[in-house]
Amino acid sequence: MADTPEGPFAPWSDGAITPREWQCLDGTFFVDDAGDPWLVYCQEWTQIRDGAIWAQRLASDLRRSAGTPVFLFNASEAPWAKPLDHSATYVTDGPFLFRLTSGHLLMLWSSFGEQGYAMGIAHSSSGQVTGPWTQEEQALWSADGGHGMIVRLRDGRLALTLHQPNTTPDERAIIHLLVEHESTIALAERVSG
C-alpha cells in the first residue's frame, strides 16, 4: 500500500494470501452480491500442466484469506483452448469477472487457441463466484491478444480493454466497444489502439 502512486510502498498482508506452495498469478478482485470480497486467480500451468482458475474469499480487511480456495475450472474445459506445442499443457491467464445489467455473471480469461493467444468467456450458471462455470464454444478474441477487462462507459455502453499483440515489447492496450446481451457480450467496433 502507499499514500501516493509514486510510493513508497509497504506490504498490505503478511505474505501471500493464496496457498504458499502454489504458483499463482493474475489475481483479480471481485465483490459478490452479499458484499463479500474475493480474489479470483490462476494456478500456474508451469506447476500443474492444465492451468486452473480458483476463487478465494477474503477477510473484510483484505489482508488474509477466509476459508479455503474454491476450484472453478481448468483451461482444458474450454473448447476453444488448445494445448501448447501439442502437449497436454494448457495456460490460464487473466481472469476478470463482470456482472451484466441482467445480473448474469461472466468471466473473461485467456489461454492459447488455434490462432495464438486468445480470450474466452465463462458463465456462472448460479450467478455466484463459486459457479459452476461453463465455457463458450468460441473465443471472444481469437488471435494475438487477451488478458482483458470490461468497463462501463459514462454513456452506459460496455468497452473491452486488452493487450495486443502478444509479443514483448510490442504489447499495447486496445479498446473495443461491446454489445451487451442478456447473458453474454459480443465485440462491436474498435475505439482505440
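User: Hi! What pattern does the protein chain follow along the sequence?
Analyst: Hello! The protein chain reads β-β-α-β-β-β-β-β-β-β-β-β-β, which comes to one helix and twelve strands. Helices (H or I, at least four residues) and strands (E, at least two) are DSSP runs, numbered from the N terminus. This is a predicted model, where local features need pLDDT of at least 70, side-chain atom pairs count only at pLDDT 80 or more, and totals for chains, interfaces and linings use all residues. Residues are numbered from 1 along each chain as its sequence is written, and side-chain values use heavy atoms, with hydrogens and water left out.

User: Cool. How many aromatic pairs are there?
Analyst: The structure holds five. Rings of Phe, Tyr and Trp (its six-membered ring) pair if their centres lie within 6.5 Å; planes under 30 degrees apart are stacked, over 60 edge-to-face, and the rest tilted. One of the pairs is tryptophan 22 with tryptophan 54, tilted, at 4.6 Å centre to centre and 50° between the planes.

User: Where do those two sit?
Analyst: Tryptophan 22 is in the segment before β1 (24-31) and tryptophan 54 in strand β3 (residues 52-57), so the pair ties together parts 32 residues apart in sequence.

User: And is tryptophan 54 buried or exposed?
Analyst: Tryptophan 54 is buried, with a relative accessible area of 15%, while tryptophan 22 is partly exposed at 21%. Buried means under 20% relative accessible area, exposed over 50%, partly exposed in between (1.4 Å probe, protein chains only).

User: Which aromatic cluster do they belong to?
Analyst: Trp22, Trp54 and Phe71 form one aromatic cluster.

User: New topic: how much of the protein chain is buried?
Analyst: Of its 193 residues, 43% count as buried.
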